[in-house]
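Subject: the model, plus notes

Hi,

Here is the structure I said I would pass on. Have it open while you read, and write back if anything is unclear.

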Amino acid sequence: MRLHRLEVEAFGPFAGRVSLDLDTLSSAGLFLVHGPTGAGKTSLLDAVCFALYADVPGARSKRGLRSDHAAPGAVPTVRLELTVGGRRLRIERSPEFLRPKKRGEGSLRVQARVVLEERRAGTWVALSTRNDEVADLVKDVVGLGLAQFSRVVLLPQGDFATFLRATPEERREVLERLFDITVFSDVEAWLAETRRTSGSALEAARRELTSELARLEDALTGVAASGPAAGVDPDLDGPEASDDAPALSETPVAAVPARLAEVATDLGTRLTAALAEVDAAEGADRLAQEALLEATRVADLRRRGDRAAALLDELDASEPRHLEHVATLDAATRATSLSGHLSAVHRATTDVERAAGALRSRLSALASTAPEVEAEAATAADLAARVHALDPAVTALSAAARTAADLDQRLTKALAQRDRADATVATATSALDAAEPELATLAAEVQRLASATERVPGLEAALATHEERRRAHDALDADLVALEAHRPALLAARDAVLGHQDVLLDLRQRRLDGMAAELAAALPDDAPCPVCGAVDHPHPATPTGGVVTPAQVTDAEVVLDAARARLAVVEARATALEAAAETRREGLGDQTREQVEADLAAAVLALAAAGAEQDRAREAATRLEDLRTRTDALATARDGARATSAALTEQLAELADEAAGVAAAAERAVLDHADCPCGSADPTHHTAVATALDALARAADEHAAATRRREVAASDLDESLAAAGFADATAALDATLPAAELEALRRRVAEHDEARVAAGAVLDDPEVSKARSLEPPDVAAAHDAARTARQAAVSTATEREVLTRAVRVLATLRPTLEATCAHVAALEERHARVRELADTAGGLGPDNTLKMRLTSFVLAARLEKVAELANERLRVMGGGRYVLEHTDERAAGGARSGLGLRVLDQWTGRSRETTTLSGGESFMASLALALGLADAVKEEAGGHDLATLFVDEGFGSLDDDSLEEVLTVLDGLREGGRAVGVVSHVADLRARVTHQVVVRKGTDGSTVEVRTGATATATEPAA
């Protein structure tokens, strides 16, 4: 990867635009970036990271990237041009930032933006403007994430020695991203997945075996719990088992068939005895149930008769109270009919009292509003009529006042508008005089460039034709590549169909061969054969191989159908690709790609030239049109302002005349209102007095009407009392009962009558009379006898069902259990082999003494190469004292090993940890290791070529001799075509490095100056 150009604007400390030609700087192999602290040296490196990854390394945040020195409307932008993987790319990004609103106060959030372009045939072609798509493409072509990029390519402050002092696992993460070890990681993953799947298959088989054994144990446990035989352990799987015999789930797999045979023999004997016991118990149960039913029936009839007789005695005793209830119910019913009249009298009385209160309130309100008005309830209507007769005079007075105020406002507004119109006339006249020369110049320029647009349509059509032909060539090549890539899938699909056909045929044949054995396994002893009817089975067929079930055959058929469907899809895809390629080949004819590319390049150049002229013509025409529009608008505004000023002068004279007429009308209205009873010329007071008099008149009318309604209601009540048989309203109220109490009394009277009728009907029943004449039956004894007989019948039936179910479950599960035991043993053997191999490859096996994974073993070889290449540089730096060594010593605490680094001190001959190096020694070793990483990646087949590196600080820890040695190593990188940018404060570097980027800071933001050759030797103040 090589960086060519970096441009930043309103980014970090840079308020303006900064452009760095990295190709020029890289031509020297080594260039220096220096400047005072906080000037923005590291911000240039952040700009590279932000362009690639939309983020910055370290603890810095991408939210504060916009320059605080930039203008309010400036857009922070980073543009990076680079070559990676043979592709020339340009990335332009803007971070999310806040800008002031164009209207109003506050800020508006602007979303992040990105544009990715690629250089093709001399032209930049846009690839994407979506953040996710650009991130995926950068990840594919660069091959490094932000963290790895900052460690290997862009070494920031504070993280320079991270890789040198990293743990083996941290080195592993970096090396995996730099070197292609996908084959080995795939092997590791495949072994781990195979271990997991084989383990899952083994666990599934064991769960299946455990489930079937549990079902059998449950059935046999029920047999043992219900059976009469002694010595049966409920936790065992068969009768007559000893206390020391294990349960089936604990029995070795090889011993399970013998145990099942013993259980089957005992179950048959016990089932025969249970059938005879069931028949005897069911007969005794029927006789006991019949006796219980008869005793219960007679006892129920006797109880019904006794209860009816007792109820009649109670009713006779309460008869006087019942007659009182009947009389009270009659009086309450008659009083209920008068409730409407009583309520009417009450409502009328309430209305009279309310109307009297309202009348007093209105009199008080009138006295408060107009104390000078003398009014009573009887005279309120007359006074109100006199006041309302003068309402037109009050209305005219109010209208005159409003009109006078409005005229005053209109006069003031018209004077201001006339002043503004006069100012507009003067401004527009001056602007029109100034625009005349520029208008003539632009008109001549537009006329001169008018011919540039005539050639553009033809050139665009030719370019579209050439691009269509090139796309046709691209589509043809893509179809041919896709067809060739599709052929292995077609062959694989066909092979899969043939393989699944063979499997299905084999399963069907094995199914037919094993049917006789399957029928023989299901034959119980002394039961007739379903084929020949014989009871004896001297030579039952035995299985010769694995049992094939119908479900297995069905599954194989489903798999074959799916394989055929996939083959049809693959064949259809191949046919479509062949047809598409043939169609495109016919459409292209004999024209080759080289001819199309040459024609397209010529058309692009011609269209670009014509387009430039057309752009200039369009710009001039736009400027001319804008100027004409502005002059027309100015002329229109000037003429309009003149007309407006004249009209406003006439309007001012009319408004003065209208104001004089309004004043005269107001004087006449005051004279007309002089005799009003309200006693005031104020329109508001007049209206308030009229409203109060109206309300007083309405209150007097409502009080008289309420008094008349009360008299009518009292007369109606007197007539109704006489008709209902009450002397007065008080007697009617005393007889009245609440609705709930009345309904309860009515229900109590009805229930007394209904109870007497029902009790008599029960005593008249012939069956009740007969039962009362018999001796009381012993129901308890009959119930005990029936319960004992039922328990005996249920117990024997339960034992029979349990034994039957156990025999059926045993016959069903026995073949499956034997086959599952064999399957579990085979899976255990295979899983043990797979687990041993996967654990060894994953660094977990007992034979892997270093706890080294397969990928770690491969990366260890890469790390050895990195150390070897780093030592080539380290021998020059530090006087050849130190040598980096790869170590695969066993890590402490059982951790994985294989990616360790130590340093050999050749002065003492001792090897020690890298953390024991001093600051300067650590810097030199880290730099050598970083350069070795870059060299190893470049040499690795399929690796990434890191042609540009940056070193941010660290040189200040070196003495003069060590600094000279380090610079010698860095300067030697130019032989391999690699460039190194050094970011440092060290003053000695400015005299030794000829190509420099000088960063300066100021109150208005930082600036950048690029110096090359002799210009870089100028004296600079110490940072």
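Below are my notes on the sheets and the helices.

First, the small print: this is a predicted model, where local features need pLDDT of at least 70 and side-chain atom pairs count only at pLDDT 80 or more, while totals for chains, interfaces and linings use all residues. Residues are numbered from 1 along each chain as its sequence is written, and side-chain values use heavy atoms, with hydrogens and water left out.

Helix and strand numbers count DSSP runs from the N terminus (helices are H or I with at least four residues, strands are E with at least two).

Let's start with the six-stranded sheet. It is open, runs in the order 2-1-4-5-8-9 and has antiparallel pairing; two strands count as paired if DSSP finds at least two bridges between them. Strand 2 (14-21) and strand 9 (123-128) each have a single partner strand, so one side of each edge strand has no neighbour in the sheet. On average, neighbouring strands here are turned by 20° against each other, direction ignored. For angles in general, axes are lines fitted to C-alpha atoms (for helices, over the stretch in contact), and values run from 0 to 180 degrees between N-to-C directions.

Strand 5 (residues 87-94) and strand 8 (residues 113-120) are joined by six bridges in the antiparallel sense, and Arg93 sits opposite Val114 of strand 8. Strand 8 also pairs antiparallel with strand 9, over five bridges; there Leu116 faces Ser128 of strand 9. These two strands make a hairpin with two residues between them, and Ala121 in the turn has a positive phi of about 55°.

Two helices lie across this sheet, contact meaning heavy atoms within 4.5 Å. Helix 2 (residues 41-53) crosses strands 1, 2, 4 and 5, at about 105° to strand 1. Helix 3 (residues 131-142) lies across strands 4, 5, 8 and 9, at about 140° to strand 5.

Further along there is an open sheet of three strands, order 11-12-13, again with antiparallel pairing. Its twist averages 40° from one strand to the next. Strand 11 and strand 12 (residues 900-905) pair over six bridges, with Asp905 as the bridge partner of Tyr882. Helix 22 (residues 854-874) packs on this sheet and touches strands 11 and 12, its direction making about 180° with that of strand 11.

Now for helix 8 (residues 256-317), which has two helix partners in these notes. With helix 19 (residues 739-763) it packs at about 140°, the axes being 9 Å apart. Residues in that contact include Leu311, Leu312 and Leu315 from helix 8, and Ala755, Ala759 and Val762 from helix 19. By class there are nine nonpolar, two polar and three charged residues. (Ala, Val, Leu, Ile, Met, Phe, Trp, Tyr, Cys and Pro count as nonpolar, Asp, Glu, Lys and Arg as charged, and the others, Gly among them, as polar.)

Helix 20 (residues 766-773) packs against helix 8 at about 105°, with axes 8 Å apart. That makes the two roughly perpendicular, the label for 65 to 115 degrees. Among the residues in contact are Arg297, Arg302 and Asp306 of helix 8 and Glu767 and Arg772 of helix 20. This contact has four nonpolar, one polar and six charged residues.

Finally, helix 17 (residues 683-724) is followed by Gly725, whose phi is positive, near 90°.

Cheers

How values were computed. Parallel < 35°, antiparallel > 145°, perpendicular 65-115°, else oblique.
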